[in-house]
Amino acid sequence: MKSAGVPSIISSDVVMRGNVNSAGEIQFDGSLEGDIKAGSLIIGEKASVKGEVICETVTVRGRVEGGIRAKSVSLASTAHIQGDILHSSLSVETGAHFEGNCRHSDDPLSETSAKDFRRARPSSPAPAPRPVANASDEAEPAAPANETPSFLSVGRSPLR
């Protein structure tokens with residue numbers, strides 16, 4: 001997916017809603033609510049993307065709130081990612097902030113890999129523990145058969 005032309009540059013004063021598609025290279029410095037697909041993508045330090053990023057190669061220096069699927073993913077020290085990453089190659093600089101799951105794939109751009117990755121993730125976060133005022137309070141109900149109980153599920157802290 002390489003383009004013979006010059007990269008497309010989306011400057012920091014641009015605010016977009018919708019999807020962006022390019023077979024070439026994009027330098028994205030603006031704000032986007034939507035998905036972005038490109039051959040090569042650089043998300044600038046002040047840039048913000050709320051949506052899915054799908055590329056051959058991506059370098060993230062700014063914010064992404066959503067999934068990233070790319071053959072090569074580079075997270076710079078200024079990157080802030082909240083979402084999952086499916087990749088063939090991943091590099092993370094010291095200082096990068098990443099909250100999510102990541103998994104290697106030989107073909108992260110295929111829909112089959114994406115569906116398998118989404119299916120493997122937990123569908124919802126575990127419920128927050130219920131506070132316990134004292135030992136005479138009613139005990140927590142047993143965890144459902146498909147949940148693994150932990151010390152947090154009974155509302156007690158190991159620091160007491």
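**Entry 1: H87.** I started with H87 and found it buried, at a relative accessible area of 8%. The model I'm working from is predicted. That 8% sits under the 20% cut-off, so H87 gets the label buried. Next I looked up where H87 belongs: strand β12, residues 85-92. Then I pulled its contacts, skipping neighbours within four places in sequence. H87 is in contact with A70, K71 and V73, and also with C102, R103, H104, S105 and P108.

**Entry 2: P108.** P108 turned up in the H87 list, so I went there next. Buried or exposed? P108 is buried, with 0% relative accessibility. I found P108 in the loop between β14 (102-104) and α1 (111-120). Leaving out residues up to four places away in sequence, P108 touches R69, A70, K71, L86, H87, S88 and S113. I also checked P108 against I54: they are 54 residues apart in sequence, and their C-alpha atoms are 8.9 Å apart in space.

**Entry 3: the core.** Which residues have the most contacts inside the largest nonpolar core? They are L41, V53 and V58, in a core of 23 residues. I then noted which elements give two or more residues to this core: β4 (25-28), β6 (36-43), β8 (53-60) and β10 (68-75). As background, nonpolar side chains tend to be buried together in soluble globular proteins.

**Entry 4: V53.** I picked V53 for a contact lookup, again not counting residues up to four places away in sequence. V53 touches I36, L41, I43, V58, V64, G67, I68 and R69. R69 is also on the list for P108.

Definitions and conventions. Residues are numbered from 1 along each chain as its sequence is written. This is a predicted model: local features need pLDDT of at least 70, side-chain atom pairs count only at pLDDT 80 or more; totals for chains, interfaces and linings use all residues. Side-chain values use heavy atoms; hydrogens and water are left out. Helices (H or I, at least four residues) and strands (E, at least two) are DSSP runs, numbered from the N terminus. Buried means under 20% relative accessible area, exposed over 50%, partly exposed in between (1.4 Å probe, protein chains only). Contact means heavy atoms within 4.5 Å. A nonpolar core is a set of buried Ala, Val, Leu, Ile, Met, Phe, Trp, Tyr and Cys residues joined through side-chain atoms within 4.5 Å.
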